[in-house]
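Reader: I would like to learn how to read a model of this kind feature by feature, with the general idea given before the particular case. Could we begin with the backbone and then work outwards?

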Amino acid sequence: DVFQTKMEVVIKAPIAGVKPDEISIAITDDVVTIKGERREEQEVERENYYAQECYWGAFARSVILPVTTLSDKAEATFQNGVLTIRIPKAETAKTKIVKVKPLQTG
């Protein structure tokens, strides 16, 4: 999930089966890339599976940011298998309300 508030862009990604120190996050001007690897704890021969829905191995996902952000101030937390990345918006990306004043003629 990617959404924005007035002050930041928030990315939430469910990443079950990976330890926080095994997740890599790279942020450039307009892209966030999340990488990691799910390691299978026990080896099971392919022919012994009835169904396999869990993905094991390396993964990577890139998200294009919708606005300009301050990547050097980004923070990431990991709780209950969900990675949350918060990136403050750059001042230029924040919405500014401009009040219209009547033109004074003299």
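Author: Let us begin with a single residue: at 75% relative accessibility, Asn80 counts as exposed, because the cut-off for that class is over 50%. One caution applies throughout, namely that this is a predicted model.

Reader: Where is Asn80 found in the chain, and what is its phi?

Author: Most residues other than glycine have a negative phi. Asn80, in the loop between strand 6 (75-79) and strand 7, has a phi near 50 degrees, which is a positive value in a residue other than glycine.

Reader: How many helices and strands does the chain have, and which pattern does it follow along the sequence?

Author: There are zero helices and seven strands in the chain, and reading along the sequence gives the pattern β-β-β-β-β-β-β. The radius of gyration is 21 Å, well over the 13 Å that the globule rule gives for 106 residues, so the chain is more spread out than a compact globule. Taken along the principal axes, the box filled by the C-alpha atoms is roughly 90 × 25 × 20 Å, and buried residues make up 24% of the 106 residues.

Reader: How far apart in sequence and in space are Tyr55 and Gln104?

Author: Their C-alpha atoms are 67 Å apart in space, while the two residues are 49 residues apart in sequence. Tyr55 itself lies in the loop between strand 4 and strand 5, and with a relative accessible area of 49% Tyr55 is partly exposed.

Reader: How should I read the pairing of the strands, and which strands form the open sheet?

Author: Strands of a sheet pair through backbone hydrogen bonds, either parallel or antiparallel. In this model three strands form an open sheet in the order 3-4-5, with antiparallel pairing. Strand 3 and strand 5 stand at the edges, each with a single partner strand, so one side of each is left without a neighbour in the sheet. From one strand to the next, the twist averages 15 degrees.

Reader: How many bridges join strand 4 to strand 5, and what is the bridge partner of Arg38?

Author: Eight bridges join these two antiparallel strands, strand 4 and strand 5, and the partner of Arg38 in strand 5 is Gly57. Arg38 is also of interest for its side chain, since a charge may sit over an aromatic ring: here Arg38 lies over the face of Phe59, at 4.8 Å from the ring centre. As for pairs between aromatic rings, the count comes to zero.

Reader: Which way do strand 1 and strand 2 run relative to each other, parallel or antiparallel?

Author: Strand 1 (residues 2-4) and strand 2 run antiparallel and are joined by three bridges; the two form a hairpin with three residues between them. Within this pairing, Val2 stands opposite Ile11 in strand 2. Strand 2 is also joined to strand 7, by seven bridges and again in an antiparallel arrangement, and there Lys12 stands opposite Thr84 in strand 7.

Reader: Turning to charged side chains, how many salt bridges does the structure hold, and what does the one between Glu8 and Arg86 tie together?

Author: A salt bridge is counted when a side-chain nitrogen of Lys or Arg is within 4 Å of a carboxyl oxygen of Asp or Glu, and the structure holds three of them. In the one between Glu8 and Arg86, the closest N and O atoms are 2.7 Å apart. Glu8 lies in strand 2 (residues 8-14) and Arg86 in strand 7 (residues 82-88), so the pair ties together parts that are 78 residues apart in sequence. Arg86 counts as partly exposed, at 35% relative accessibility.

Reader: Which residues are joined into one network by salt bridges that share partners?

Author: It helps to take the contacts one at a time, beginning with Glu22 and Arg39, whose side chains meet in a salt bridge at 3.0 Å, N to O. Glu22 lies in the loop between strand 2 and strand 3 (24-27) and Arg39 in the loop between strand 4 (31-38) and strand 5 (57-64), so this pair ties together parts that are 17 residues apart in sequence. The side chains of Glu37 and Arg39 also meet in a salt bridge, at 3.8 Å, N to O. Through shared partners, then, Glu22, Glu37 and Arg39 are joined into one network. Glu22 is partly exposed at 30% relative accessibility, and Glu37 is partly exposed as well, with a relative accessible area of 34%.

Technical notes:
Residues are numbered from 1 along each chain as its sequence is written. This is a predicted model: local features need pLDDT of at least 70, side-chain atom pairs count only at pLDDT 80 or more; totals for chains, interfaces and linings use all residues. Side-chain values use heavy atoms; hydrogens and water are left out. Helices (H or I, at least four residues) and strands (E, at least two) are DSSP runs, numbered from the N terminus. Buried means under 20% relative accessible area, exposed over 50%, partly exposed in between (1.4 Å probe, protein chains only). Two strands pair if DSSP finds at least two bridges between them. Rings of Phe, Tyr and Trp (its six-membered ring) pair if their centres lie within 6.5 Å; planes under 30 degrees apart count as stacked, over 60 as edge-to-face and the rest as tilted. A charge sits over a ring if NZ of Lys or CZ of Arg is within 6 Å of the ring centre and within 35 degrees of the ring normal. Axes are lines fitted to C-alpha atoms, for helices over the stretch in contact, and angles run from 0 to 180 degrees between N-to-C directions. The radius of gyration is taken over C-alpha atoms; the globule rule is 2.2 Å times the number of residues to the power 0.38.
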